[in-house]
Amino acid sequence: MSAVAAPPRALAKEGLVAWLVTTDHKKIGILYMLTSLTFFLIAGFLADVMRLQLAAPQQTIVGPHEYNQVFTLHGTAMIFLFVAPFGFGLANYLIPLQIGAPEMAFPRLNAYSFWLFLLGGLTVFAGLISQGGAAASGWTAFAPLSDVRVSSGVGQDLWIIGLTLTSISGIMTAINFLVTPIVFRAPGMSMWRLPIFTWEMIATALLVLMAFPPLATAFAMLLLDRHAGARFFDPGGGGDPVLYQHVFWFFGHPEVYVMILPFFGVITEVVAVFSRKPVFGYTGLVLSAFGIAGLSMGVWAHHMFTTGAVANPFFSALSFLIAVPTGIKFFNWIATMWRGAISYETPMLFAIGFMLNFLIGGITGVMVASPPLDYHVEDSYFLVAHFHYTLGGGSMFAIFAALYFWFPKIWGVKLGERLGRVHFTLMFVGFNLAFFPMFLLGIMGMPRRVYTYPAQAGWGALNLASSAGVALITLATAVLVWNVIVSMRKRFPLADDPWGSASSLEWATSCPPPEFNFRAIPPIRSKRPAFDLHYPEYAKDSPK
Amino acid sequence: MRLAALVITLAAATALAECAAIPHDATRQAGELHGVWSVFLTAGAVVYALVAGLILWAAVAYRRRDRATVQAATFHQNVPLELAWTVIPVLIVAGLFAVTYAAERHVDSVVTPPGETVQIVGFRWSWRFLYPNHHVAVEGTSDRPPELVLPAGRTTEVRLTSSDVIHAFWVPAFLFKRDAIPGVVNVYDYTPLKEGVYPGRCAEYCGTFHAHMSFTVRVVSPEAYARWLRERGAAA
Amino acid sequence: MKTASWVFVSSMAFGLVVAAVYWLTTRENAGTVLLGLFGAGFAFVSGYMLVIKPKTRLDGDEQRAPSELAGETIGVFSLESPWPVLLACATAGLLIGIVLHPMLAVFAFAALCVTLWQLVRESV
């Protein structure tokens with residue numbers, strides 16, 4: 001079967017213009033991943049500033065107004081401009097390859113999504129050069145703090161507009177992610193043979209469709225309050241500040257699952273390949289993805305337990321339940337490793353690190369799902385530690401695993417193993433040193449979003465340890481960048497599957513793939529078509 | 001098996017030790033909340049030890065020994081096992097929810113009619129404490145944090161609100177906070193048990209000087225409390 | 001199409017059920033509306049798949065090998081187009097203009113119309 005290219009306009013084959021006008025999903029995926037990684041470095045720098053300021057009590061390296069912009073941009077960039085878009089970029093690259101399609105369903109819409117994302121991110125940061133500075137009301141921008149009477153600068157408006165642009169971008173992307181795997185699967189690639197990564201992306205796309213419009217709604221209401229005399233969130237005018245939180249968190253909670261589901265998919269693929277076994281519990285992994293996605297739509301007000309304005313038991317019960325499908329995934333991964341033949345290439349190191357870290361994030365998530373516990377640690381450093389363990393120790397580690405795993409497919413070059421091990425070790429030690437003390441700080445009474453703290457509070461030692469951990473994370477990231485630079489210089493031809501035991505279809509084409517992805521798609525008769533192609537003697541064992 | 005039991009016991013012991021470090025006797029509610037902490041920290045530590053143990057065990061025990069291995073085994077499902085690891089966690093979280101729900105009802109419930117009432121108003125960037133029955137008002141600034149005086153052994157109802165943006169009134173020693181929302185009055189109560197001075201913080205980001213919005217809570221004997229009210233009332 | 005239909009139908013059912021349970025247990029307006037809309041949104045797609053296009057045959061569900069279909073065209077896909085990036089700039093200009101300067105919004109709206117028109121012309 002073939003795809004026909006639209007009459008070539010030959011605007012450019014090489015150079016900057018080629019990248020500006022491309023609608024090739026692989027190039028767009030690369031653009032997404034490179035852009036999101038750049039925002040990661042920027043947001044990481046902002047974290048360095050914060051931890052430098054907090055390393056000792058009562059420092060004045062940055063003043064309060066600067067610090068407040070720094071943590072606002074750090075959170076905004078990490079969430080909206082790094083983790084989620086990296087997932088979208090990886091999926092953009094992989095979904096057509098994994099399903100045996102030549103392209104995404106709507107290539108021009110795909111390109112439009114990317115450029116909107118980039119422009120949205122730049123708009124958010126443009127606030128830095130405006131009078132009054134960038135937005136400084138946190139990545140959550142609660143009303144009335146974000147209302148114009150309190151946050152009068154245009155930086156807040158640019159933040160709102162920038163994220164509205166990224167929301168539109170996400171919705172367009174979700175359309176592609178839903179239509180493409182349903183309609184353009186190659187013959188033999190039934191839905192129940194899709195790689196787990198693609199299934200997770202389908203669930204993610206559903207979440208994006210349901211959650212991003214409410215965010216845009218919250219922003220529209222906020223803009224109307226700020227500039228059109230509306231009083232949605234102003235009690236003085238008959239409005240309700242808690243309404244903002246309802247609408248925001250209705251987006252905000254599914255958003256965190258948008259930021260983890262793709263990476264559950266990554267971990268599943270990596271663990272299976274490096275354990276040299278088929279994925280265990282495929283059906284459970286698929287059902288749990290949708291279980292998590294569905295439940296995540298119903299738990300939003302667990303971010304509002306201390307408002308006194310919501311039915312805590314409803315949200316607490318559903319939040320506890322989400323632990324069950326998440327646990328199912330963990331057990332499936334362990335069972336995939338069980339009686340395997342495990343090797344410790346860098347992707348597998350990061351996958352194991354992911355599991356150990358996300359376990360802490362998940363268990364502490366169950367804790368804060370309990371209002372009696374949340375009454376103490378909400379908006380404290382305990383919460384900061386919890387969400388960094390899931391997003392940093394979880395998603396970020398999975399992003400590194402994905403980088404090392406798919407780098408050879410995308411660029412035709414493997415990243416160096418020795419530097420990869422150094423990167424992993426520094427990152428694992430640094431991450432835990434940075435964030436574990438924060439659990440203790442929260443329990444001891446340290447609130448979040450504070451630019452300094454008093455010396456007599458007794459929080460200095462733990463904060464210093466945490467800052468030391470962030471220094472290690474920074475060093476680890478430098479090692480990664482160095483690894484990429486050094487590895488790109490040494491190129492030699494790679495096999496279609498340089499890891500040796502991969503199963504999904506992207507490993508049945510060259511590194512990197514040709515235009516329209518496949519010269520010839522192999523027969524698809526199981527859940528591991530590439531493995532069947534490379535090892536036909538084992539094809540009979542492949543789960544059908 | 002024995003190793004697993006040892007690891008689990010160690011985890012539980014660590015959790016309990018950590019729990020002892022959490023303050024728990026400053027108020028009646030804190031005692032109840034601390035009980036919930038004990039349950040969750042212990043359960044969390046045990047689950048972590050179990051699952052992390054399994055991960056690390058698998059990672060080490062099933063190392064590849066022959067570089068030529070391409071497929072180590074073929075099993076990919078086990079329905080009874082998968083059902084078990086679905087049902088058992090549901091039972092565990094149901095138990096955790098039961099503990100949670102019981103404690104929450106007690107902690108959130110308010111004694112009526114209230115013995116003593118204090119109105120707390122958060123503003124950028126300090127707090128105002130009003131004792132309406134005694135016509136006493138205490139107002140702080142970021143540089144001079146205010147002190148909330150409460151009688152030990154009595155229940156004081158708090159009526160909490162804000163006059164500008166959302167703040168949160170957090171006394172870590174009481175293991176409890178509540179949001180101060182403009183246009184809303186949040187009602188809860190404290191029954192302090194131990195005399196002492198407890199630091200307090202604002203726990204909802206409210207702008208530039210959020211970090212400076214601290215206060216203290218001084219719990220005194222009922223006699224000292226009455227004396228303090230008389231002195232403050234006279235000074236007004 | 002069966003599995004794909006199931007994905008949307010179960011999402012719709014879940015949304016509507018949770019919305020009902022939420023209303024009955026909390027009587028809270030904002031959450032009920034949000035959950036109800038989530039369920040109703042999926043009703044659109046579910047309806048389309050179950051009622052309007054139930055007999056669609058998809059390549060992926062066929063048991064043939066891909067090589068047997070060599071020569072069949074599955075679609076026309078663009079390789080490049082200048083309109084997406086231009087349309088994105090126009091969209092950004094429109095939204096930024098709303099908060100920065102109305103003239104920017106007006107120009108951007110005009111640019112949006114032009115680029116959208118060109119994009120549609122290019123794709124049909």
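Tutor: Let us begin with cavities: on a 1 Å grid over the protein atoms alone, a cavity is a set of points where a 1.4 Å probe fits but cannot get out, and its lining residues have an atom within 4 Å of a point. This is a predicted model, in which local features need pLDDT of at least 70 and side-chain atom pairs count only at pLDDT 80 or more, while totals for chains, interfaces and linings use all residues. Residues are numbered from 1 along each chain as its sequence is written, chains are lettered from A and ligands numbered from 1 in the order in which they are written, and side-chain values use heavy atoms, with hydrogens and water left out.

Student: Which residues line the second largest cavity?

Tutor: Its lining consists of Tyr32(A), Phe80(A), Ala84(A), Pro85(A), Phe88(A), Phe117(A), Thr166(A), Ser169(A), Gly170(A), Phe212(A) and Glu255(A). In terms of helices (DSSP runs of H or I, at least four residues, numbered from the N terminus), α3 and α5 (154-183) of chain A are the elements that give two or more residues to this lining, and α3(A) provides the largest share, 4 residues. Ala, Val, Leu, Ile, Met, Phe, Trp, Tyr, Cys and Pro count as nonpolar, Asp, Glu, Lys and Arg as charged, and the others, Gly among them, as polar; on that scheme the lining has 7 nonpolar, 3 polar and 1 charged residues.

Student: What is the volume of the second largest cavity, and how many cavities of 30 Å³ or more are there?

Tutor: A volume is the space filled by probe spheres set on the grid points, which are joined across faces, edges and corners; for the second largest cavity this comes to about 100 Å³. The count of cavities of 30 Å³ or more is 4, and the largest of them holds about 260 Å³ of space. It is lined by 21 residues, of which Pro278(A), Val279(A), Ser503(A), Lys527(A) and Arg528(A) are the closest to its centre. Helix α8 (residues 261-275) of chain A gives the most to that lining, with 3 residues, and the lining divides into 11 nonpolar, 5 polar and 5 charged residues.

Student: How should I read a pocket, and how much space lies in the second largest one?

Tutor: A pocket is an open set of points with protein on both sides within 12 Å along at least five of seven lines, and the second largest pocket has about 800 Å³ of space. Among the 36 residues that line it, Ala47(A), His74(A), Met78(A), His388(A) and Phe435(A) are the closest to its centre. α2(A) gives the most to this lining, with 9 residues, and the residues divide into 25 nonpolar, 7 polar and 4 charged.

Student: Which chains share the most contacts, and how much area do chain A and chain B bury?

Tutor: The size of an interface is often given as the accessible area lost when the parts come together. With contact meaning heavy atoms within 4.5 Å, chains A and B share the most contacts of the 2 pairs of chains in contact, whereas chain B and chain C do not touch, their nearest C-alpha atoms being 15 Å apart. Buried area is the accessible area (1.4 Å probe) that two parts lose on being put together, summed over both; chain A and chain B bury about 7,000 Å² between them, 71% of it on carbon and sulfur atoms. In chain A, Phe280(A), Tyr375(A) and His376(A) lose the most area to chain B, together 10% of what that side buries.
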